[in-house]
Amino acid sequence: MYTRQKPRRQGKKYSNTDVAHALVEKALESSYTGFLLSGTCLFGVSALYVSTLHPTVVGGNSGELVSAIYEWGVPHPPGYPIYIILGKIFQVLFQFSDPAWAVGLLSALTGGAAGSLLCMIVYRLTSSPCSSVFAALSFALSRPVWTWSITAEIFALNNLFVVMIVLWSANAADTIKTEEKASSGTLQKVVCQIWLLFGLSLCNQTKIFVYVIFIAAWSVLELVFEKLLSVRLALKMVGSLALGLMPYIYLPIAGNFSKSQVLWGDHSSIGGVLFHVFRCDYGSCDSRIFSTNKNCMQNNLVRHSERTVNEFTWPVVLLAVIGTLCGHRFMRRHFRRLLLVWTVMVLVYIIFLAWHCTSNIEKPYVFEMTERYWLQSDVMLCLFAGLGLSVVIKWFQFGKEHTRLNFNVPSRLGQFFTAALIAYQLQRNWPQCNQSQNTLMRDFARQALAVLPKNAIVLPENDMMAMLYSYSQVCDRIRPDIRLLVPASLSLPWYVKRIKSKYKTKDLYVPGDILAVGRQKTEDMLPFTLKHLFDANSDKKIFFCSRPVWYFDNSWINHYQAVPYGLCRQLLKPDKVHSKIDLDEYMQVGQHIYKWNVPYKLPPVFTGSNPTKFRLSTSDETVSDVLWKGREHMIAHIMKAAIQVNPKNDEAGKIQERLRLLTFCYQV
C-alpha cells in the first residue's frame, strides 16, 4: 500500500523588506558600538590629560602663544590664527584660572578628541572593538603625544586635524563607491567637508601640507575615475578650501589694530601677511642649501626609528608593519587604494622631515623641538598597528575554523594584549607626564624680573627667556615697567620699527633701523651694533637675562663688563664695576635669589616639597642650570671684590669692608 510521505519541512522565507531591516539593524548596531567606544575613549583620555595638565606656562613657545591669545596678538610664523581664536574662547570661559592652564585645557580636550576619532577610524575599517581601542590608547598614552597634549601648544590640535582628515577621507571613499549616496547630495557634502578641513588644518600647522596634498590628489583622482567630478563640484571644493583659510584674515586685523606686546611681523600689506604665513623669516627650506651636515637626513631617519621603537614598543611597531602589508586583505575593496595612499603619504612625510631638519638632533633641546613634528606620523603608526592587531586576530580565527590543528590561544587574546599594553604605558609614562605641580618656569620668570630696578632695559638670552618674561608682564601683570628687547629680533626691520613706536625716546633710544654688524649705511636703513645701542642708553640700567649675548655681535665686549645681578647680568663701564653702592645693591639681590629651594642638577623626576612627581623637560633643566649659575656668579663677583680691597689706605675700614663681604658670602 502506498503511504503518503510527509512533505519536507521548509525553511522560513524572508522577504526583501525583512532582509533590508536586518541589514539596517546590523549597521545601526555597528554604528552604536563605534560611537560608544569613541565616546569612552574621549572621556577617559581627556580626563587623564586634564588631571596631568601643566598648571601654568612652560618652556618652548607656550609663553608667546598664551600672551598672544591674552591680548589678541600675532605669534611667530605662520601666526596660528585658529589656535589663537579657540584659545581666546577658552580663556574667556575659564577666566578664574591661569591663562596658560585655560589654553592648555584646549590642548587636553583636542588631544582626547584625536584619540577618540582614531578609535572610530580603526573600528570602521576593521569592525573590531579590541583593535580600535588598542590603536587609540597606544597613541594617546605614548609619552610624546601625552607630553604635547598637556601644554599650551598647537600640536594636540594638529593631531586632531590629522585624524579628522584621515576619517573624512574614509567617509569620502565610502560615499564615492556607493551609488545611492553619490546620486544624492551626500557626495558633494563629504568632499567639501574634507577640503574645508584642508584649509582649517593649514591655519594651525603648515607642515600638514604633505598630508593635504596626498589626500587632495586622491580625492580628485577618485572622482575622475568614477566619473563623478563636475565643474560645479570642483568649484565647491575650491570654495571650501578658501573658506577654511579664512581665519588668516585675523593676521592683518590684529596686526593693524591690536596693541598687544606680542606682534610678530609686519601685517600692514598683503605681501607682509604672505611673508608671515609662508615663514619667510625662517628661510623656509633654504637652510638645506647652506647645511654642512651631509649625513643629517640619514641620522634623522635613524634617530626617528629608534625613538619610535622606544616610545611605542616593538610589538606596536611590528603590528604596524603587519597592518601596512596585510591589512588590505580584510578590508572592503574601496578602502584598499586609500590604505596605499596613507602608507605612501606617511613615508613621504617622514622623509621630508628628515630632509628638512638640518640642526644637530643629538642635542636634547633640538631633539625635543623636532620630536613635536613626528606626532603626525605617530597617528598613522598607531592606525596601522590597530589594523595589524585585527589581522592577527583574524588569522587565528581562520586557522581554528579551517584546520584540524588545536590552537591553544585564548579567545580574548586581543583584549589581554591591549590591556597589558595600556597598563605598561600608564605605569611607564605617568610619573614622567604628570605635570600638575610643575610651576618651575613661571617661578623662574617672576624671580628674574622681581629683583631688577625700575624701568630697566632687559635683553633676554634667547626666545624662550623672552617668551617667559613676556608672559609674566602680559598675563601676570608683573613688572610692566621693564623694557624687553630681543637681540636676535633687532635684525628684523619691522621689529625695530615697532620698538621705536612702542617706547618713547627718553625711555629707550634705538640708534638705527636694523642690527647689522658690518653693513654700510644705505638710503633705506641705518645699521647699528649693540655697542651703539648701549652707548645711546648709557644713562639707563641695561641687563642681559641670563647670559650675555655675544654669539652674533660682540662689538660691546671691550667697552662694557657684564656683572652678575640676581639671575641676570648688568652692563657696566669698567670703572663702575666695584663701587660700594653697586655691591650693597648686589648683596641685597643675592639674599633674595638664595631663598630658592630647588636643588642643583635636578634629577630626571623631581619631587620637590610635595609628593607629586613630574618629568623635567630640557627647558626645565636649562632654567635650573641658569638659576644655580646665577647664584654662583653672584657670590664669585662679591668674593672677587672682597679680595681686591686694598688695606694700605685706611686699613681698618678696608679690613672691615672685606670682612663684611666675606661674611655675606659665607652666610648665603
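Start by selecting Arg-143, which counts as buried at 7% relative accessibility. You will find Arg-143 in helix H6, residues 143-148. Keep in mind as you look around that this is a predicted model. Now show the side chain of Glu-371 as well: the side chains of Arg-143 and Glu-371 make a polar contact at 2.6 Å. Which other residues touch Arg-143, once its neighbours within four places in sequence are set aside? Besides Glu-371, they are Glu-311, Asn-429, Gln-432, Cys-433 and Arg-615.

Next, zoom out to the whole chain. It has 26 helices and nine strands, and 53% of its 668 residues count as buried. If you take the contacts between residues at least 6 apart in sequence, 74% of them join residues at least 24 apart.

Now for a pair of helices. Select H4 (residues 99-126) and H7 (residues 155-177), which pack at an angle of about 25 degrees with their axes 8 Å apart. Angles under 35 degrees count as roughly parallel, so H4 is roughly parallel to H7. The crossing of H4 past H7 is left-handed. Which residues can you colour on each side of this contact? On H4, pick residues including Ser-107, Gly-111, Ala-114, Leu-118 and Arg-124. On H7, the partners include Ala-156, Leu-160, Val-163, Leu-167 and Asp-174. Counted by class, the contact of H4 with H7 has 14 nonpolar, five polar and two charged residues.

Keep H4 on screen and add helix H2 (residues 62-70). H2 and H4 pack at about 100 degrees, and their axes are 10 Å apart. The two helices are therefore roughly perpendicular to each other. Here Val-66, Ile-69 and Tyr-70 of H2 meet Pro-99, Ala-100 and Val-103 of H4. By class, this contact of H2 with H4 has six nonpolar residues, no polar ones and no charged ones.

From H2, follow the chain into the loop that leads to helix H3 (81-93), where Pro-78 lies. The peptide bond from Pro-77 to Pro-78 is cis, with omega near 5 degrees. In the loop between H2 and H3 you can also select Tyr-80. Tyr-80 is not a glycine, yet it has a positive phi of about 50 degrees. Is Tyr-80 buried or exposed? With a relative accessible area of 3%, Tyr-80 is buried. These spots are worth a pause because most residues other than glycine have a negative phi, and most peptide bonds are trans.

You can look for such features elsewhere too. Asn-455, in the loop between helix H20 (440-450) and strand S1 (457-460), has a positive phi of about 60 degrees without being a glycine. Asn-455 is partly exposed, with a relative accessible area of 34%. Then jump to Cys-545 and Ser-546, which are joined by a cis peptide bond with omega about 5 degrees. Ser-546 sits in the loop between strand S5 (542-545) and strand S6 (561-565).

For the last stop, select Gln-473 in helix H21, residues 463-474. Gln-473 counts as buried, at 5% relative accessibility. A polar atom of the Gln-473 side chain lies 2.8 Å from the backbone oxygen of Arg-479. Leaving aside neighbours within four places in sequence, the contacts of Gln-473 include Gln-261, Ile-478, Pro-480 and Leu-484. Finally, try a distance to Ser-67: its C-alpha atom and that of Gln-473 are separated by 9.0 Å, although the two residues are 406 residues apart along the chain.

Definitions and conventions:
Residues are numbered from 1 along each chain as its sequence is written. This is a predicted model: local features need pLDDT of at least 70, side-chain atom pairs count only at pLDDT 80 or more; totals for chains, interfaces and linings use all residues. Side-chain values use heavy atoms; hydrogens and water are left out. Axes are lines fitted to C-alpha atoms, for helices over the stretch in contact, and angles run from 0 to 180 degrees between N-to-C directions. Helices (H or I, at least four residues) and strands (E, at least two) are DSSP runs, numbered from the N terminus. Angles under 35 degrees count as roughly parallel, over 145 as roughly antiparallel, 65 to 115 as roughly perpendicular and the rest as oblique. A crossing is left-handed if the near helix is turned anticlockwise from the far one by less than a right angle, and right-handed if clockwise. Contact means heavy atoms within 4.5 Å. Ala, Val, Leu, Ile, Met, Phe, Trp, Tyr, Cys and Pro count as nonpolar, Asp, Glu, Lys and Arg as charged, and the others, Gly among them, as polar. Buried means under 20% relative accessible area, exposed over 50%, partly exposed in between (1.4 Å probe, protein chains only). A polar contact is a pair of N or O atoms within 3.5 Å; within protein, one must be able to donate a hydrogen and the other to accept it, and residues adjacent in sequence count only if both atoms are side-chain atoms.
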